[in-house]
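Colleague: Please show me how to read this model, one feature at a time.

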Amino acid sequence: MSDVNKVKLNKKKCETGMDTLEFSITLEGMENLSFDEEPLPNDIGKSIVTVKCVNGKVIGSVSAVHCIRNTNAEPFSLTDCIKMEIVRNKVFDFIRDYLKRNLGSKYEDKYFENSRVTSLEVNITRPCVGKALPSDMCHFLNVVFGKAKVFTDRKPGSRCDIVKDGIVYEKKHLYQLKIYDKEKDLHRQGVPIAERKSFRLEVVFKDRKLNSMFGENKRTLDNVLSAKSLDVMCRAYKEVFDEIIEQHIIPWLNDCVADLFESLTQSESGNEISDTIMRHKNIIVDVECLRRALKRWYKFRGVEDRSKQMIHKYRNKDLGLAEDVLKTLRAFHQEAG
């Protein structure tokens with residue numbers, strides 16, 4: 001089991017923050033009790049807390065960022081930690097009042113001690129760099145993971161073509177990776193969008209990972225909704241991000257360049273580059289991948305490196321090759337601290 005406290009975190013650069021957590025409270029001996037769902041909305045109706053009881057089990061969600069901002073366009077980050085006490089007061093007062101109204105004389109403060117956080121969303125949200133689009137990022141990470149749930153939408157301006165605007169990759173019992181076009185998500189919610197090409201890379205921490213982050217018996221609302229725990233979340237996010245880069249992204253990029261190089265060496269048509277692009281366009285997730293393969297190819301042939309000129313040539317052909325995807329990934333990694 002990993003120790004997230006050992007993860008090095010540059011707090012000055014860290015833009016990671018929490019979004020929504022889910023929790024449960026078991027009311028022992030009250031299996032026949034059920035109460036209707038009640039929300040605590042912010043000024044524009046976005047839920048800060050939602051809670052209900054089904055068969056003696058209280059389940060709910062807390063969106064800390066909705067307590068201090070109208071929307072979750074930005075997560076609740078380390079710079080917001082001075083406002084954590086405001087969040088705690090609103091959340092606990094609402095849940096306490098809900099339980100007192102429905103339980104009456106059966107209410108006890110110990111129920112908070114029995115609370116258990118079951119899911120925790122932590123993310124970085126930022127615009128894509130340069131020419132990269134959220135759909136480019138989704139496609140890139142989809143081919144990297146291979147097995148993932150993919151969400152698509154009609155490509156803007158097209159009656160036939162589709163683009164990927166979200167994927168979900170799961171590591172069972174540990175975390176779920178949710179990657180999606182946040183600009184489109186905010187647009188669906190009717191929220192005015194300040195930054196274009198906004199993209200979210202979110203880690204949803206699950207059972208075993210939550211145990212390693214907080215301790216199996218310390219996954220209470222009181223412990224998780226704290227400035228100290230916010231630091232733990234950011235470290236855990238960076239740990240997962242580093243793992244994904246080392247175990248998935250770097251090996252995939254190496255294989256991608258190797259496949260493109262092999263295609264260049266095997267073609268005997270005299271149109272090696274155009275043939276390779278046509279044959280392998282799906283895995284050219286960034287023109288940088290093609291450039292690296294070309295550099296290897298020219299070196300292999302023992303001739304002058306013309307990779308820069310060739311990239312310029314095929315960029316001008318407007319073949320729809322993605323750019324700045326790897327720069328965007330690096331920007332996210334830097335903001336993970």
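Modeller: Let's start with one helix, α9, where Glu272, Ile273, Thr276 and Ile277 are buried (under 20% relative accessible area; exposed is over 50%, and partly exposed lies in between, with a 1.4 Å probe and protein chains only). These four cover an arc of only 130° around the axis, which puts them on the same side of α9. The arc is taken from the directions that run from the helix axis to the C-beta atoms.
Met278 and Arg279 are exposed on the other side of α9. Please keep in mind that this is a predicted model, in which local features need pLDDT of at least 70 and side-chain atom pairs count only at pLDDT 80 or more, while totals for chains, interfaces and linings use all residues. Residues are numbered from 1 along each chain as its sequence is written, and side-chain values use heavy atoms, leaving out hydrogens and water.

Colleague: What covers the buried residues of α9?

Modeller: The cover includes α8, α10 and α11, where a contact means heavy atoms within 4.5 Å. Helices here are DSSP runs of H or I with at least four residues, strands are runs of E with at least two, and both are numbered from the N terminus. On that count the chain has twelve helices and ten strands.

Colleague: Let's move to the neighbouring topic, α10. How far apart are its end C-alpha atoms?

Modeller: They are 21 Å apart, which agrees with the 21 Å that the 15 residues of α10 (residues 287-301) should span at 1.5 Å a residue. The rule multiplies 1.5 Å by one less than the number of residues.

Colleague: Which residues of α10 are buried?

Modeller: Val287, Cys289, Leu290, Ala293, Leu294, Trp297 and Tyr298 are the buried ones. Viewed down the axis of α10, they fall within an arc of 165°, so they line one face of the helix. Their cover includes α8 (227-266), α9 (272-280) and α11.

Colleague: What share of the chain is buried?

Modeller: Buried residues make up 51% of the 337 residues. Among contacts in the chain with a separation of 6 or more, 69% join residues 24 or more positions apart. The C-alpha trace spans about 85 × 45 × 35 Å along its principal axes.

Colleague: And empty space, how do I read that?

Modeller: Rolling a probe the size of a water molecule over the atoms shows where empty space is left. On a 1 Å grid over the protein atoms alone, a cavity is a set of points where a 1.4 Å probe fits but cannot get out, whereas a pocket is an open set with protein on both sides within 12 Å along at least five of seven lines; lining residues have an atom within 4 Å of a point. Points are joined across faces, edges and corners, and the volume is the space filled by probe spheres set on them.
The largest pocket holds about 900 Å³ of space. It is lined by 28 residues, and closest to its centre are Ser135, Asp136, Lys155, Val163 and Gly320. Two or more lining residues come from each of α4 (134-145), β8 (162-171) and α11 (307-316).

Colleague: What kinds of residue line the largest pocket?

Modeller: Twelve are nonpolar (Ala, Val, Leu, Ile, Met, Phe, Trp, Tyr, Cys and Pro), twelve are charged (Asp, Glu, Lys and Arg) and four are polar (the others, Gly among them).

Colleague: How many cavities of 30 Å³ or more are there?

Modeller: There is one, and the largest cavity holds about 40 Å³ of space. Its lining consists of Leu141, Leu177, Ile179, Leu201, Phe241, Ile244, Ile249 and Leu329, and these count as eight nonpolar, no polar and no charged. The largest share, three residues, comes from α8.

Colleague: How should I read a positive phi?

Modeller: Most residues other than glycine have a negative phi. Lysine 197 has a positive phi of about 55° although it is not a glycine; this lysine 197 sits in the loop between α5 (182-188) and β10 (198-205). Aspartate 318 also has a positive phi of about 55°, and its place is the loop between α11 and α12 (325-335).

Colleague: Is each one buried, partly exposed or exposed, and what are the values?

Modeller: Lysine 197 is partly exposed at a relative accessible area of 22%, while aspartate 318 counts as exposed at 67%.
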